[in-house]
Amino acid sequence: MSSTAVIGGTGLNQLAGLELIRAHSPETPFGEPSAPVQEGRLAGNSVFFLPRHGTRHHLPPHKINYRANLWALRELGVERVVAVNAVGGIHAALGPGALVVPDQIIDYTWGREQSLYDGSGAALDHIDFTRPYTAGLRAKLLQAAASCNIPCADGATYGATQGPRLETAAEVQRLLRDGCDLVGMTGMPEAALAVELGLAYAAICLVVNTAAGLSDEPITQQGMAVILEQKIATIGEILARFLQLPP
Ligand code: HPA
């Protein structure tokens, strides 16, 4: 059985239904992860859980220690990581409430620790990042959603922005011209670090707002919270089903 971890994003600081067995705080060469890693069982299946923004949701996207998070999971024997991300929708078909398993990334972040290779340790490896998400893991997430009868879009390009502010309308137009379908702040460097560590990695994204300038509605925290509240149980259902599928 390959060990699976869920990295929870905004709105998923806790994994509902997780029966906690123990919490781990493994040491990493990069410092502390966002929170102790919870080991437990979800609907009878083993899983690790790590809230990306910390248990109190106090870590903004550009301050998350992505390297420590991924390293800690691998240290615990995790082989597959499912990331959950709240995002803005750019593609017209991806309005608030839509679920998406992206297949590509464009990275607009800056000033983050992007790599394990910082010149101090292991011999440099230029990872192949042509397909940033693991195909088999993506397929399993989609299979889990389908078997729960939950619509989930297959494939989208995730534009990773720096945050923590949202984008300007002109920035979103640029993302659109570049081919981004979604915009979020935490997709990178998490995906690249997973590949550097040899972990299988895929993401399930929940659209919580229409990206800036694409709708007349103002973007508010409260509006995002409403969608999160409506949909978080649905994501939990997909994750529970995912864990039941053979690896
Ligand atoms: N932009 C960037 N990140 C986000 C958004 C957005 O519109 N919504 C949720 N995370």
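In which loop is the place of P189? I looked this up in the predicted model and found P189 in the loop between β10 and α4 (190–196).

**Entry 1: proline bonds**

I checked the peptide bond that leads into this proline. From M188 to P189 the bond is cis, and its omega is near 10 degrees. I then turned to P164. The bond from G163 to P164 is cis as well, with omega near -5 degrees. I placed P164 in the loop between β9 (157–160) and α3 (169–178). I recorded these bonds because most peptide bonds are trans.

**Entry 2: backbone at A43**

I looked up the phi angle of A43. The value is positive, about 50 degrees, although A43 is not a glycine. I noted the angle because most residues other than glycine have a negative phi. A43 belongs to the loop that joins β3 (37–42) and β4 (45–51).

**Entry 3: the chain as a whole**

I read off the secondary structure and found five helices and 11 strands in the chain. The radius of gyration is 17 Å, and the globule rule gives 18 Å for 247 residues, so I regard the chain as being as compact as a globular protein of that length. Along the principal axes, the C-alpha atoms fill a box of roughly 45 × 45 × 35 Å.

**Entry 4: residues around the ligand**

Which residues surround the ligand? I listed A86, V87, G88, L166, E167, V183, G184, M185, V208 and N209. Sorted by class, this shell holds six nonpolar, three polar and one charged residues. I also noted that the space taken by the ligand is the largest pocket. The elements that supply two or more residues to the shell are β5 (78–89), β10 (182–184) and β11 (200–210). Of the elements, β5 contributes the most, with three residues.

**Entry 5: polar contacts and burial**

I next examined the nitrogen atoms of the ligand. A polar side-chain atom of N209 is 2.6 Å from a ligand nitrogen. In the side chain of E167, an N or O atom lies 2.7 Å from a nitrogen atom of the ligand. At A86 the partner is in the backbone: a polar atom there is 3.4 Å from a ligand nitrogen. Finally, I looked up how much of the ligand the protein covers. The ligand taken alone exposes 260 Å², and the protein buries 93% of that.

**Entry 6: points to revisit**

I marked the cis bonds before P164 and P189 for a second look in the viewer. I also marked E167 and N209, whose side chains approach nitrogen atoms of the ligand at the distances recorded above.

Note on methods
Residues are numbered from 1 along each chain as its sequence is written. This is a predicted model: local features need pLDDT of at least 70, side-chain atom pairs count only at pLDDT 80 or more; totals for chains, interfaces and linings use all residues. Side-chain values use heavy atoms; hydrogens and water are left out. A residue is near a molecule or strand if one of its heavy atoms lies within 4 Å of it. A polar contact is a pair of N or O atoms within 3.5 Å; within protein, one must be able to donate a hydrogen and the other to accept it, and residues adjacent in sequence count only if both atoms are side-chain atoms. Accessible areas come from the Shrake-Rupley method with a 1.4 Å probe; for residues, only the protein chains shown count as cover. On a 1 Å grid over the protein atoms alone, a cavity is a set of points where a 1.4 Å probe fits but cannot get out, and a pocket is an open set with protein on both sides within 12 Å along at least five of seven lines; lining residues have an atom within 4 Å of a point. A molecule sits in a cavity or pocket if more than half of its atoms lie within 2 Å of its grid points. Helices (H or I, at least four residues) and strands (E, at least two) are DSSP runs, numbered from the N terminus. Ala, Val, Leu, Ile, Met, Phe, Trp, Tyr, Cys and Pro count as nonpolar, Asp, Glu, Lys and Arg as charged, and the others, Gly among them, as polar. The radius of gyration is taken over C-alpha atoms; the globule rule is 2.2 Å times the number of residues to the power 0.38.
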